[in-house]
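Dear colleague,

I am passing on the structure below, with my notes on what was found in it following directly after. Please read them with the structure open beside you.

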Amino acid sequence: MLEELLPSIWFFLWGLVWAIYFSLDGFNLGVGILARFLPQKEQNKLIGSLGPFWDGNEVWLITAGGVTFAAFPKLYAVMFSSLYLPLIIILISLVFRAVAIEFYRQSDDVNWQKAWATILSVGSFLVALLFGVAFGNIFQGLLLDANGYHGSVFSLLNPYGILTGVLFVLIFSYNGSLWFSHKTGSKKGFTIARKIYAPMLVAAVLFLVSTAFSTTLWGNFFSKPLLFVVPLLAVASLLATRGLLSRGNAAGSLLTGSLAVLLTVITTIIGLFPNMFPSKIDPAYSLTAFNASSSPYTLKIMLAATIVFLPVVLIYQVWHYKLFAPARIDEELKY
């Protein structure tokens, strides 16, 4: 029994960690994407607002990678061999993004700051887009057989993968603009969010429709209709964020926007189960929670550590956001 229960538990923990990462670091990536397109004064505020938060959010990305490596080593190996180029570009972009945030205020020279703001925008855009493309391809399946992946980087750039990448960029940029208004009180963030909302909604509708034709994600939902409550809550959150935006409630709109990201990722994880890397060639070659997991002993040890430390990390994260919640960033506050 443990041979099935433990991999199932770790599958959903793996998905939960990714969902938390995208919901938290998503609006930080959105802030980064917007950085180059704002006037100097607002650009300073925008990048300053990232200061106490961005590196804490990155911890969830490291945790997601660690969980993949320790709980599903076969998946880790196949993932890095089949998605090597996009993952390397994501890694390089994350490095340059971090350097840009740290170096931006090391000089008051306008050209220096413009250069690092540009690097921050490009790096954040590539991370959001390529994560979307990678996950879109996982949702619809990869060219996997007994010898591994047979596609190329160009086969990853298919319409569904690109659509998922565009949706990631739009929803992260939307949440980033709301974060900007929430932390600085700037009306510019509201203006950007209103402009992004319509194309984001169109992309979300196209994603939902395309998912029905390009993937098998809805199969688990039709077999257990009660699960439809999760995607319905995601849609409700996406609609609620626009209503709160109209009332000028940046914090509420950001909260519901991030909740929409969290629930959307959880929806896809439920749809994937038990597949982690579905094969387009033959389902027999798919990597699942059961054939890609570590031994039951390893999973038990990891679960014991998670039960102790995961609540601690979650409490710390809540405390951290609460501690800095009242702070408003102005141009004199440097990071």
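Helix H12 gives the largest share of the lining of the largest pocket, contributing seven residues, and I should say at once that this is a predicted model. The lining comprises 23 residues in total, and those nearest the centre of the pocket are Leu24, Phe27, Leu255, Ser258 and Tyr321. Besides H12 (250-272), the elements that supply two or more residues to this lining are helix H1 (2-34), helix H8 (159-184) and helix H13 (296-324). By class, 16 of the lining residues are nonpolar, five are polar and two are charged, and the space in the pocket comes to about 620 Å³.

H12 also leads to a point of backbone geometry that deserves a look, since Pro274 sits in the loop between H12 and strand E3 (275-277). The peptide bond that runs from Phe273 to Pro274 is cis, with an omega near 5 degrees. For context, most peptide bonds are trans.

H8, already mentioned for the pocket, takes part in a helix pair as well: its axis and that of helix H9 (residues 187-214) come within 8 Å and cross at roughly 150 degrees. Because angles over 145 degrees count as roughly antiparallel, H8 and H9 are therefore roughly antiparallel to each other. Their crossing is left-handed, and the contact of H8 with H9 has 19 nonpolar, eight polar and one charged residues.

The other helix pair I would point out is H5 (residues 84-103) with H6 (residues 110-140), whose axes come within 8 Å and cross at roughly 150 degrees. That angle makes H5 roughly antiparallel to H6, and the crossing of H5 and H6 is left-handed. On the side of H5, the residues that make the contact include Pro86, Ile89, Ile90, Leu94, Phe96 and Arg97, while H6 contributes, among them, Trp112, Trp116, Ile119, Leu120, Gly123 and Ser124. Divided by class, the contact of H5 with H6 has 17 nonpolar residues, three polar ones and one charged one.

With best wishes

How values were computed
Residues numbered from 1 in each chain as written. Predicted model: local features only at pLDDT ≥ 70, side-chain atom pairs only at ≥ 80, totals over all residues. Heavy atoms only, no water. Axes fitted to C-alpha atoms, helices over the stretch in contact; angles between N-to-C directions. Helix = DSSP H or I, 4+ residues; strand = E, 2+ residues; numbered from the N terminus. Parallel < 35°, antiparallel > 145°, perpendicular 65-115°, else oblique. Left-handed = near helix turned anticlockwise from the far one by under 90°. Contact = heavy atoms within 4.5 Å. Nonpolar A, V, L, I, M, F, W, Y, C, P; charged D, E, K, R; others polar. 1 Å grid on protein atoms, 1.4 Å probe; cavity = no way out; pocket = protein on both sides within 12 Å on 5 of 7 lines; lining within 4 Å. Points joined across faces, edges and corners; volume = space filled by probe spheres on them.
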